[in-house]
Amino acid sequence: MAAWSEGIPLEEIKFIRKHLGGTVNDVLLTAAAGALNRYLQSCGEAGFCLDLRVAVPMNLRPEGQESDLGNRMGAVFLALPVGVGQPGDRLQEIGRRMDDRKGSLEGPVFFVLLNALGWVPAGLAKTLVS
């Protein structure tokens, strides 16, 4: 199943981030978790204690190298707090969880493993990923 919504102007996301804290990604993850919470409730499911694990892209570029060419992206696995009902509380919890993940080696390890997949034969890479 897939669902789409109307686009949200980036300036609105930045306004929320500026006034409530967090990052643009934190605000977007907060909105996604809230949407999942409402969807589960509409289906009669109890999402109040649910954490959904998601992979979140993470910039690994050192400060000052933002304009360099090439990708330096890793990813971290985040337990998205779908069960936290209040958006402000959810945003704070996502920010706290992301800060914990950013301080780990998870993002750089993901980057190294992803790059290593580019060096193995296509058949083996497909087997490893699936």
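Does Arg97 count as buried or exposed, or in other words, which class does its relative accessibility give it? At 17% relative accessibility, Arg97 counts as buried, because the cut-off for that class is under 20%. The model in which this residue sits is predicted, and the paragraphs below place Arg97 in its surroundings.

The chain has 130 residues, of which 26% count as buried. Its secondary structure comprises five helices and two strands, arranged from the N terminus in the order α-α-β-β-α-α-α. The C-alpha trace spans about 45 × 35 × 30 Å along its principal axes. Among contacts with a separation of 6 or more, 57% are made by residues 24 or more positions apart.

The two strands, S1 and S2, pair in the antiparallel sense over eight bridges. Within this pairing, Met58 stands opposite Gly74 in S2. Strand S2 is mostly covered, with six of its eight residues buried.

The strands also contribute to the interior. The largest nonpolar core has 13 residues, and Leu29, Val56, Val76, Leu78, Leu80, Ile94 and Met98 are those with the most contacts inside it. Two or more residues of this core come from each of helix H2 (24–42), strand S1 (52–59), strand S2 (73–80) and helix H3. In soluble globular proteins, nonpolar side chains tend to be buried together. Met98 illustrates the packing: leaving aside neighbours within four places in sequence, Met98 is in contact with Asp26, Val56, Val76 and Leu78.

Helix H3 carries charged residues as well. A search of the whole structure finds five salt bridges. One of them joins Arg97 to Asp51, with the closest N and O atoms 3.2 Å apart. This pair links distant parts of the chain, since Arg97 lies in helix H3 and Asp51 in the loop between H2 and S1, 46 residues apart. The partners differ in their accessibility class: Arg97 is buried, whereas Asp51 is partly exposed, with a relative accessible area of 38%.

A second salt bridge is formed by Arg96 and Asp100, again with the closest N and O atoms 3.2 Å apart. These two residues are four apart in helix H3 and are therefore separated by about one helical turn. Both ends of the bridge are partly exposed, Arg96 having a relative accessible area of 43% and Asp100 one of 47%. The two bridges belong to a wider arrangement, as Asp51, Glu93, Arg96, Arg97 and Asp100 are linked in a network of salt bridges. Elsewhere, Glu106 forms a salt bridge with Arg101, the closest N and O atoms being 2.4 Å apart. Here the acidic residue is the buried partner, Glu106 having 18% relative accessibility, while Arg101 counts as partly exposed at 28%.

Arg90, also in helix H3 (residues 87–102), presents another case. Arg90 is buried yet has no salt bridge, and the nearest side chain of opposite charge, that of Asp89, is 8.4 Å away. A polar atom of the Arg90 side chain instead lies 3.0 Å from the backbone oxygen of Thr30. Not counting residues up to four places away in sequence, Arg90 touches Thr30, Ala33, Gly34, Pro81, Val84 and Gly85.

Note on methods
Residues numbered from 1 in each chain as written. Predicted model: local features only at pLDDT ≥ 70, side-chain atom pairs only at ≥ 80, totals over all residues. Heavy atoms only, no water. Buried < 20%, exposed > 50% of the residue type's maximum accessible area, 1.4 Å probe, protein only. Lys, Arg positive; Asp, Glu negative; His and termini not counted. Salt bridge = Lys/Arg side-chain N within 4 Å of Asp/Glu carboxyl O. Polar contact = N/O pair within 3.5 Å; in protein donor to acceptor, adjacent residues only side chain to side chain. Contact = heavy atoms within 4.5 Å. Core = buried A, V, L, I, M, F, W, Y, C linked by side-chain atoms within 4.5 Å. Pairing = 2+ DSSP bridges.
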